[in-house]
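Please open the model in your viewer and keep the sequence panel beside it. We will go from one selection to the next, with a short note at each stop.

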Amino acid sequence: MRLRMIRKELLNANDKVEFCYVNSKSNRKKLVRALFNVPRTSLELYPYYSRMVVTLSTCMKDVSSMLLQLLEEEFNNLINKKDQMNIESKIRNIRFIGELCKFKIAPAGLVFSCLKAAQEIRD
């Protein structure tokens, strides 16, 4: 399942309602996995994906928490590696967390703890 969204109009209410009819735990996990596996060069998609997560989280509470858990785990793994080879993945990860924070899905404390961890690596 590959999600490609270019404009806000593609996120209309009818699509969200149709997805809710196939709402099962396995489908929600597939959706979270598809949102999480955005190519690291497609940074322009994060605002649209974040908007979709906000909208879907009204009826699917666990989608946002599963996505945040995956992003936080990936961030911690990338920080622990301490190499510059994964810089695009680090940028992708923190941008996605930032977009989710902008829409009040991710707590601001998570963003600050990520920034603190990144700064500690630099020092």
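Where is the place of L68? Select L68 and you will land in helix 4. A word before we go on: what you see is a predicted model.

**Stop 1: L68 and its contacts**

Keep L68 selected and show its surroundings. Is L68 buried or exposed? The relative accessibility of L68 is 12%, and because buried means under 20%, L68 counts as buried. Now add L100, I105, A106, P107 and L110 to the selection: L68 is in contact with these residues, its neighbours within four places in sequence left aside. For A106, try the distance tool from C-alpha to C-alpha. L68 and A106 are 7.0 Å apart in space, although their positions lie 38 residues apart in sequence numbering.

**Stop 2: the whole chain**

Zoom out and colour by secondary structure. How many helices and strands are there in the chain? You should find six helices and zero strands, so the order from the N terminus on, by the helix and strand assignment, reads α-α-α-α-α-α. The chain has 123 residues, and 39% of them count as buried. Its accessible surface comes to about 7,700 Å², with 54% of that belonging to carbon and sulfur atoms. Among contacts with a separation of 6 or more, 73% are between residues 24 or more positions apart.

**Stop 3: along helix 4**

Select residues 61–81, which make up helix 4. This helix has 21 residues and reaches 32 Å from its first C-alpha to its last, close to the 30 Å expected at 1.5 Å a residue. To see its buried side chains, pick out residues including V63, M66, L67, L71, F75, L78 and I79. The buried residues of helix 4 also include D62, S64 and E74.

Next, select N80, which is found in helix 4 too. Is N80 buried or exposed? N80 is exposed, with a relative accessible area of 58%. From N80, draw a C-alpha to C-alpha line to A117: they are 37 residues apart in sequence and 9.7 Å apart in space. Then step to K82, just after helix 4, where phi is positive at about 55°.

**Stop 4: the largest pocket**

Turn on a surface for this one. The largest pocket has a volume of about 280 Å³. Which residues are closest to its centre? Of the 13 that line this pocket, the closest to the centre are F75, I79, I87, K90 and A118. Helix 4, helix 5 (87–102) and helix 6 (108–122) each supply at least two residues of the lining. Colour the lining by class and you will have ten nonpolar, one polar and two charged residues.

**Stop 5: helix 5 and the loop after it**

Select helix 5 by itself. Its 16 residues should span 22 Å at 1.5 Å a residue, and the end C-alpha atoms are 22 Å apart, which agrees. The buried residues here are S89, K90, R92, N93, F96, I97, E99 and L100. K90, then, is buried and is also among the residues closest to the centre of the largest pocket.

Move on to K104, in the loop between helix 5 and helix 6. Phi of K104 is near 65°, a positive value in a residue other than glycine. K104 is exposed, with a relative accessible area of 74%.

**Stop 6: a buried loop residue**

For the last selection, go to L45, in the loop between helix 2 (25–36) and helix 3 (46–56). Is L45 buried or exposed? With a relative accessible area of 1%, L45 is buried. Finish with one distance, from L45 to L35: their C-alpha atoms are separated by 9.8 Å, and the two residues are ten apart along the chain.

Notes: Residues numbered from 1 in each chain as written. Predicted model: local features only at pLDDT ≥ 70, side-chain atom pairs only at ≥ 80, totals over all residues. Heavy atoms only, no water. Helix = DSSP H or I, 4+ residues; strand = E, 2+ residues; numbered from the N terminus. Buried < 20%, exposed > 50% of the residue type's maximum accessible area, 1.4 Å probe, protein only. Contact = heavy atoms within 4.5 Å. Areas by Shrake-Rupley, 256 points an atom, 1.4 Å probe, with all protein chains shown as cover. Expected span 1.5 Å × (residues − 1). 1 Å grid on protein atoms, 1.4 Å probe; cavity = no way out; pocket = protein on both sides within 12 Å on 5 of 7 lines; lining within 4 Å. Points joined across faces, edges and corners; volume = space filled by probe spheres on them. Nonpolar A, V, L, I, M, F, W, Y, C, P; charged D, E, K, R; others polar.
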